[in-house]
Structures are given as C-alpha cells and as structure tokens.
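Biologist: I should like to request a close look at a single part of this model, with its charged contacts as the point of departure. Please give one connected account.

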Amino acid sequence: MKKILFIILLLGLTSCEEVVDIDLEESDPRLVIEASLVWNEENESNFQIIKLSFTAPYFDEDVPPATGALVKVTTNTGEEYLFEEVKEGIYQNDRMVPVENIDYQLEVIYEEEVYTATEQYIPTPDLQFVEQELGGFSGDEYEFKVYYEDPADRENFYLFRYLNERFNIQIYNDEFTNGNRTFAFFNDEDAAPGDLVLFEIQGISEGFYEYMFILRSQAGNNNGGPFQTQPSIVRGNIVNQTNPDNFPFGYFRLSEVDVLTYEVE
C-alpha cells in the first residue's frame, strides 16, 4: 500500500511540471549607431570604426547589421572624412587626425533618412604609475590605484577601463579633484602575480558622462533579465533630422585614450 501511495505521489509531482511560453512585448527594430572614435597618440595609425545595426528581440542571438549607409564626419573648418563599409554594418576610416576646439559632425544617411550629431575631440592626461595592495573581505584581493594629473584649466570628465580576465568600466568627473594628482581605483579577486593587466583613461564630454551615468544607474547590479521592470529609453546625442520620432540609439563622441600596461607583483 505504501509503495502504491509513493508512486501516486511521484506521478502527481511530475505532472505539475509544465512548459509556459511567455510572449514578450516587442517593438519595431530601431537603428543603433555605435560611433565612439578613440585615438591613442602613441599609435602611428588609428583606424576608426562606426558600427550600424538594429535592435533585436531579447532572445535573438544575431544582431542585424545596417548595410548600404552613407557615413561621413565633417568639421566646421571644411574637412570631410568618408567611412567606407568594409564589412556588413562596419564602416571604417583611417585618415582622421583629431584637433581640439573644433566641431565634428557625424552624418549617417540610411534608407533616405538623415541622422546627425555634433561633438568635439576631448583630450586626456597620461596615466603615470600604479600602486597595488591586498585588501577586500578576505584580505587576498588585489586593489589597484592608477594615478594621473588632472588639468586645472577645464572641467574634466573621464572614462576608465580595466582589463584582465575581467572587464571593468568607471566614469568620473573632477569636481572635487580639479588640478590635483588623483587616481582611479580597481579591485580584482582573480588577479595573480605575473598577470599583465591593462588600464585606460579616456577624456569624454559632459554629455557622454551623463549618458553613461544613466545607463550605469539603470543597469545597477542586476543581469537585466526579461522579467524585470524595464528601464526607460536612454537616448544619445544622435538625432534623426528626417523623422525625429524614429530616433536611433547610440552616441557619437571623439576621445583621446592613454593606455598603461602593468605587471601584477
């Protein structure tokens, strides 16, 4: 009798398993323009890439490229730089030499609609040196301070990147450190002696800082799953001049980058 009751109970439990299909709300595909142009002054050549694609449903693995667009950057001093499509949705130029204090305008013409944005080239100070120590809850987590000298003649905004086995991005403004030597802080529990880790500092505009600040605030510490409360739309600085309601996602910027490679001790 006990054996029969156990089998009935087991069948009851397994019968509770049911596949549920959830229909997620999908919007029409929207153009995405990834136009972060970044120069390292130590490199003799700096290939600049602008990527055009479309938004896709959450569970789609492929990102549809936007092909056949006309992409160029012009300046208010008369220069024009055409970006050639070298791969589906990938547009490239290797002739741009950025100059401070002039306006650069991005123009993308795609399917008879014109998208534009204007920015200036933002320089950055050099990374000087790194200090490391052990810390964290367990006392064996590597902590790094990478130092730089903040210029005092302007309000500065920065994007920092750390790369080892993990990838970390930070943004910062110099409101409380203007004109001083200061540092960006990173920690890495997976670092080990002998690892070569990479630090980057990029000069960014106030507009891009605010854009990244909103994105970071919305991302928080969650994984952005499909069943969470969805964040609001974050618009960049690119405008659809033909049809403003059909605005794209993405941002156009021009930044100098300085890179420092460090061997963990």
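Is Lys-72 buried or exposed, as judged by its relative accessibility?

Modeller: The model is a predicted one. Lys-72 counts as buried, because its relative accessibility is 18% and the limit for burial is under 20%. The side chain of Lys-72 meets that of Glu-80 in a salt bridge, with 3.4 Å from N to O. Glu-80, by contrast, is partly exposed, since its relative accessible area is 42%. The contact belongs to a network of salt bridges that links Lys-72, Glu-80 and Glu-107.

The strands around this network also contribute to the nonpolar interior. The largest nonpolar core has 27 residues, of which Ile-33, Leu-106 and Phe-252 touch the most other members. Among the elements that give two or more residues to this core are strand 3 (70-75), strand 4 (80-87) and strand 6 (103-110). Strand 1 supplies the largest share, five residues. In soluble globular proteins, nonpolar side chains tend to be buried together.

Ile-102 lies in the loop between strand 5 (90-93) and strand 6. With a relative accessibility of 13%, Ile-102 counts as buried. The C-alpha atom of Ile-102 is 7.0 Å from that of Thr-75, although 27 residues separate the two along the chain.

The network can be set beside other charged pairs, for the whole structure holds five salt bridges. One of them joins Glu-149 to Arg-181, whose closest N and O atoms are 3.6 Å apart. This pair links distant parts of the chain, with Glu-149 in strand 9 and Arg-181 in strand 12, 32 residues apart. Both residues are partly exposed, Glu-149 at 34% and Arg-181 at 49%.

Strands 9 and 12 are themselves members of an open sheet of three strands, in the order 8-9-12 and with antiparallel pairing. Strand 8 (127-135) and strand 12 (181-188) stand at its edges; each has a single partner strand, so one side of each is left without a neighbour in the sheet. Seven bridges join strand 8 to strand 9, and Glu-131 has Lys-145 of strand 9 as its bridge partner.

A further salt bridge brings together the side chains of Glu-200 and Arg-161, at 2.9 Å from N to O. Here strand 13 (residues 196-204) provides Glu-200 and strand 10 provides Arg-161, 39 residues apart. Glu-200 is buried, with a relative accessible area of 12%, whereas Arg-161 is partly exposed at 28%.

Notes. Residues numbered from 1 in each chain as written. Predicted model: local features only at pLDDT ≥ 70, side-chain atom pairs only at ≥ 80, totals over all residues. Heavy atoms only, no water. Pairing = 2+ DSSP bridges. Helix = DSSP H or I, 4+ residues; strand = E, 2+ residues; numbered from the N terminus. Core = buried A, V, L, I, M, F, W, Y, C linked by side-chain atoms within 4.5 Å. Buried < 20%, exposed > 50% of the residue type's maximum accessible area, 1.4 Å probe, protein only. Salt bridge = Lys/Arg side-chain N within 4 Å of Asp/Glu carboxyl O.
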